[in-house]
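Q: Could you take a close look at the aromatic pairs in this one? I'd like to see how the rings sit, and then what lies around them and elsewhere.

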Amino acid sequence: MSETCSRKTAHGVPFLSPLSLGTQRKLHRVWTSKERVSYNLLMKLTLKTPVRALHMVGPTYAGRLNKLDIDSVGDLLMHPPRRYEDYSRVSPIGSVQNGEVVTIRGQVKTSRNVFTRSHKTIQKIVITDQTGTLKATWFNQPYIPNTLKPGSWVSLAGTAQQFGKGVQFTSPEYEKLSSTDMREKGTTIHTGRLVPVYPETKGVSSKWIRSRIAPLLPLLASELEEWLPESILKQESLVPLPKAIVSLHFPSALSEAKKAWGRLAFEEMVNIQLAVQNRRKSWDRRKLGKKLVIEDSKLNVFLSSLPFRLTQAQRRVTQEVLGDLGQDKPMNRLLQGDVGSGKTVIAAIAIYAAFISGEKSALMAPTEILAMQHLETIKKLLAPFGMRIAMVTSSMKENLTKYDVAIGTHALLYKTVETGSHALVVIDEQHRFGVEQRALLIKKSRTPHILTMTATPIPRTVALTLYGDLDLSILDEMPPGRVRIKTWVIPPHKRESAYRWMRERIKLGEQAFIVCPLIEESTNETMLQVRAATEEFDRLKDKVFPDLALSLLHGRLSSRKKEEEIQKFRKGKTNILVTTPVVEVGIDITNATVMMIEGAERFGLAQLHQLRGRVGRGIKESYCLLFPSNPKTQGLSRLRILGTAKSGGQLAEFDLKLRGPGEIYGTKQHGYVNLKYAELSDTRLIATTQRLAREILEENSKLLKLQSVRTKLSTLEKDIEPN
Ligand code: ADP
Ligand code: MG
């Protein structure tokens, strides 16, 4: 707390301000110029105050915090510790035992820096109390002797080690005390208690975070009002929110911390449920843009022209989709089906239905590669019926007008779709399930029918929770004649023979994908990722397969280059396609039979399953080879599950159990929400909060108001904002 600035209030009483001096000065200036505005009001710290306004948080720290998704004071308070270090045992120096994890308090006797020959420094202090003396050392923290001057009071916490006759601490936590602190218990934040340890991030230490959070808690107590009714708190044995937040960071016992986590999990899940149900409600209020009149006879002509018989599941889903399309209110349906389950044809049927009603559609894909593939499929299926198909590319300048269906990436089609001239929008393979896209479309006064398609397997609980605002259709049946993909985990010593084996397959005229490991968790393909793929490509081309034709595919290539590489591979001109994990999303090349995945343990099972789904699209026996980058990781047994699991859905359930909710969609980058406290496997929590959210939305508008004040604490704020 020593870093906190002290100022005099208007009444002359000093108070501690967690605001930076700069902010205080700025406020002070305003105060003197406009005297009517009370100083206290200006100084008011709220949950929305940006962290950069806090004392000791400059732009550098604000940037680092931003990487942790912390922008406001509220975010900071909701930042969960990873664990707690138990320094609650406070002991007189004389009775500290070797190996004991303990806190001692005393007065600094001597303190100095020792300089080593290698230009390093060692900090040595000796501290005493009535029962003995103890030495503590640190390395390369030359400011410590300055802080802990002889005569000052200090609290140290760490593991005591025998040293000669006495015990000593190496790099203990330390905290300066005032003489009052010496008398009172419970005033320390880094020692002498359960101490929160936050997830590590470069340049933001747990000590630093603790020092920022501690002074905020008493100041924000009034802001952190409980908003849930007493009855719910009782029924669910929840601690009130203000208490939960204090105990989250500074619990007096682990049981208290646990209760705090329980309360915050409830908080988080109610917020999600409210957001989802609110989205549903606002969707149901939308007016349909263009009503479709679908003539069965025309539709049947198309259906009977299909090059294959629809599976039972496809027929069921077709009925569900057509049912929606005939309504006066806009469809908002999520079509979930494993890779290769045949979602595209469902989209084609819907697009055709709009066409025979004389209306336009848009088909959005997440990548250009996929958009180009859709173009081919849709052309094949729909061009014979006189449909005009337009591909929207980044190089295109003029406005499209004369077409029946526009195909392109989400990014490119936005503008077109925003004109509101489409009766149907299909959003394909969107990991984030098109939440943002749908949100944009919701804003329009005339809403189109929306069909969102995904291959990402969704566990039932998750679907009910996160997609409660959508109607769900599931393709749970594969088209006939699919071969099972043999999946092997390859240990490092078998790498060479795996390459030899692959060469054999290629000699037989087959083709292979080699997918590079995930480097970073990021929403987009990063430069680092591209570089890694490029290096691996060079290595394979020069050292491993110099005699074969290899090509490289990643998101940073120009669209022309991308198309060129895909076409070369499709036509069999290249044997091996080396790619970043972008290839995951939906490319369909029947002659490819081998999928080799590097750094496999970094992927989620469901995501590996999707990657694997790139092969086995034809009738030839297909293989998936998983190379773990670290053979020692415990992830290996997890990978073996891929050898036996039947469906993506099963794998998603495994991911949920084994890696937690953030990983359901393979990597965090595909995560829909980043849950901090709640677990999606907690079905009871999901059910309870779902019911509560419904009650709040239906009856208790007062609660909702309170809640929307409180949503400041939630990352879902934008979802809940009244529309
Ligand atoms: P996904 O669901 O992964 O998008 P696609 O729509 O790309 O799958 O379909 C995968 C492949 O299966 C395509 O080549 C498609 O032509 C084919 N297909 C789809 N439905 C059937 C069916 N009922 N019978 C046979 N093949 C089908
Ligand atoms: Mg697809």
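A: Counting helices and strands first, this predicted model has 26 of each. Of the 723 residues in the protein, 54% are buried. Take the contacts with a separation of 6 or more: 72% of them join residues 24 or more positions apart. The accessible surface comes to about 33,700 Å², with carbon and sulfur atoms owning 52% of that.

Now for the rings. There are 13 aromatic pairs in the structure. One of them is F302 with Y352: the ring centres are 4.5 Å apart and the planes meet at 20°, so this pair counts as stacked. The cut-off behind that label is an angle under 30 degrees between the planes. F302 belongs to helix α11 (residues 296–305) and Y352 to helix α13 (residues 344–356), so the stack ties together parts that are 50 residues apart in sequence. Both F302 and Y352 are buried.

Set beside that the pair W488 and Y623, which is tilted, with 5.4 Å from centre to centre and 35° between the planes. Here the partners come from strands: W488 is in β21 (residues 485–489) and Y623 is in β26 (residues 622–627), so the pair ties together parts 135 residues apart in sequence. What about cover? W488 has 35% relative accessibility, so it counts as partly exposed. Y623 has 8%, so it counts as buried. The cut-off that matters for Y623 is that buried means under 20%.

Back to F302 and Y352 for a moment: ring pairs link these two with F355 and F385 into a cluster.

Rings also have charged company in places. K207 lies over the face of Y174, 3.6 Å from the ring centre. R495 does likewise with F627, at 4.4 Å from the ring centre. F627 falls in strand β26 (residues 622–627), the strand that holds Y623.

Then there's the ligand. Ligand 1 has 16 residues around it, and the closest are Q314, G340, K343, T344 and R482. T344 sits in helix α13 (residues 344–356), the helix that also carries Y352 of the stacked pair. In terms of polar atoms, an oxygen of ligand 1 is 2.6 Å from an N or O atom in the T344 side chain. An oxygen atom of the ligand is also 2.6 Å from a polar backbone atom of G340. On the nitrogen side, a ligand atom comes to 2.8 Å from a polar backbone atom of R309. As for cover, ligand 1 would expose 570 Å² taken alone, and the protein buries 80% of that.

One last spot, away from the rings: L194, in strand β11 (residues 194–197). Its relative accessibility is 5%, so L194 counts as buried. If you skip the neighbours within four places in sequence, L194 is in contact with Y84, E85, D86 and S88, and also with P251, S252, A253 and L254. For a C-alpha to C-alpha distance, try L194 to A257: 9.6 Å in space, with their places 63 residues apart in sequence.

Conventions
Residues are numbered from 1 along each chain as its sequence is written. Chains are lettered from A and ligands numbered from 1 in the order in which they are written. This is a predicted model: local features need pLDDT of at least 70, side-chain atom pairs count only at pLDDT 80 or more; totals for chains, interfaces and linings use all residues. Side-chain values use heavy atoms; hydrogens and water are left out. Helices (H or I, at least four residues) and strands (E, at least two) are DSSP runs, numbered from the N terminus. Buried means under 20% relative accessible area, exposed over 50%, partly exposed in between (1.4 Å probe, protein chains only). Contact means heavy atoms within 4.5 Å. Accessible areas come from the Shrake-Rupley method with a 1.4 Å probe; for residues, only the protein chains shown count as cover. Rings of Phe, Tyr and Trp (its six-membered ring) pair if their centres lie within 6.5 Å; planes under 30 degrees apart count as stacked, over 60 as edge-to-face and the rest as tilted. A charge sits over a ring if NZ of Lys or CZ of Arg is within 6 Å of the ring centre and within 35 degrees of the ring normal. A residue is near a molecule or strand if one of its heavy atoms lies within 4 Å of it. A polar contact is a pair of N or O atoms within 3.5 Å; within protein, one must be able to donate a hydrogen and the other to accept it, and residues adjacent in sequence count only if both atoms are side-chain atoms.
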